[in-house]
Amino acid sequence: MSQAASQTAYNAAIEETLIAIEDALDNCDVDMDYERADAVLTITLEDNGTQVILSRQSAVQELWVAARSGGYHLKFENPGWKCTTTGEDLPTLLDRVLTEQQGTPVALGL
């Protein structure tokens, strides 16, 4: 695959992922707010004001997640995003860090 085709596929995967997360947040029972600016999605937990931030890293074709417990780099491996350090897929990682920061179980159902 050419670099341009690879970048196009990466951009499409990021966009699809962020839309799916926004939809899941809209349907979640936990009180969270989110804001998106281009390819940065900031999730704010209303109970304690902490944030989880997801951002596109085009240069390395990764999705980064910044949470209170640390920073996580995810690479796209069909069929989804996988953390390069923990091996977790994105839904598992996101549910875990949101649960840790919320103090109660969070399941987005991604």
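A polar contact is a pair of N or O atoms within 3.5 Å; within protein, one of them must be able to donate a hydrogen and the other to accept it, and residues adjacent in sequence count only if both atoms are side-chain atoms. The exercises below concern a predicted model, in which local features need pLDDT of at least 70 and side-chain atom pairs count only at pLDDT 80 or more, whereas totals for chains, interfaces and linings use all residues. Residues are numbered from 1 along each chain as its sequence is written, and side-chain values use heavy atoms, with hydrogens and water left out.

**Exercise 1. Describe the surroundings of Arg56.**

Step 1. Arg56 is found in strand β3, where strands (E, at least two residues) and helices (H or I, at least four) are DSSP runs numbered from the N terminus.

Step 2. Arg56 is partly exposed, with a relative accessible area of 22%; buried means under 20%, exposed over 50%, and partly exposed in between, with a 1.4 Å probe and protein chains only.

Step 3. Leaving aside neighbours within four places in sequence, Arg56 is in contact (heavy atoms within 4.5 Å) with Tyr10, Asn11, Ile14, Asp38, Ala39, Glu62 and Leu63.

Step 4. With Asn11, the side chain of Arg56 makes a side-chain polar contact at 3.0 Å.

**Exercise 2. Work out the order of the strands in the open sheet, and place helix α2 against that sheet.**

Step 1. The sheet has 6 strands in the order β1-β2-β3-β4-β5-β6, with antiparallel pairing; two strands pair if DSSP finds at least two bridges between them.

Step 2. The edge strands are β1 (32–37) and β6, each of which pairs on one side only.

Step 3. Neighbouring strands of this sheet are turned by 20° against each other on average, direction ignored; axes are lines fitted to C-alpha atoms, for helices over the stretch in contact, and angles run from 0 to 180 degrees between N-to-C directions.

Step 4. Helix α2 packs on the sheet and touches β1, β2 (40–45), β3 (51–57), β4, β5 and β6, while its direction makes about 150° with that of β3.

**Exercise 3. Identify how β5 and β6 are joined.**

Step 1. Strand β5 (residues 70–77) and strand β6 (residues 80–83) run antiparallel and are joined by 4 bridges.

Step 2. The two strands form a hairpin with 2 residues between them.

Step 3. Across this pairing, Lys75 stands opposite Lys82 in β6, and the bridge partner of Leu74 in β6 is Cys83.

**Exercise 4. Follow the salt bridges of Glu62 and Arg96.**

Step 1. Side chains of opposite charge can pair when their charged atoms come close. The structure holds 5 salt bridges, each a side-chain nitrogen of Lys or Arg within 4 Å of a carboxyl oxygen of Asp or Glu.

Step 2. One of them links Glu62 with Lys75, the closest N and O atoms being 3.6 Å apart. Because Glu62 lies in strand β4 (residues 62–67) and Lys75 in strand β5, the pair ties together parts that are 13 residues apart in sequence. Glu62 is buried at 8% relative accessible area, whereas Lys75 is partly exposed at 34%.

Step 3. Arg96 meets Glu88 in a salt bridge of 2.9 Å, N to O; Glu88 is buried, with a relative accessible area of 15%, and Arg96 is partly exposed at 25%.

Step 4. Arg96 also forms a salt bridge with Glu100, with the closest N and O atoms 3.1 Å apart. Both residues lie in helix α2 (residues 90–102), 4 residues apart, about one turn of the helix, and Glu100 is partly exposed at 39% relative accessible area.
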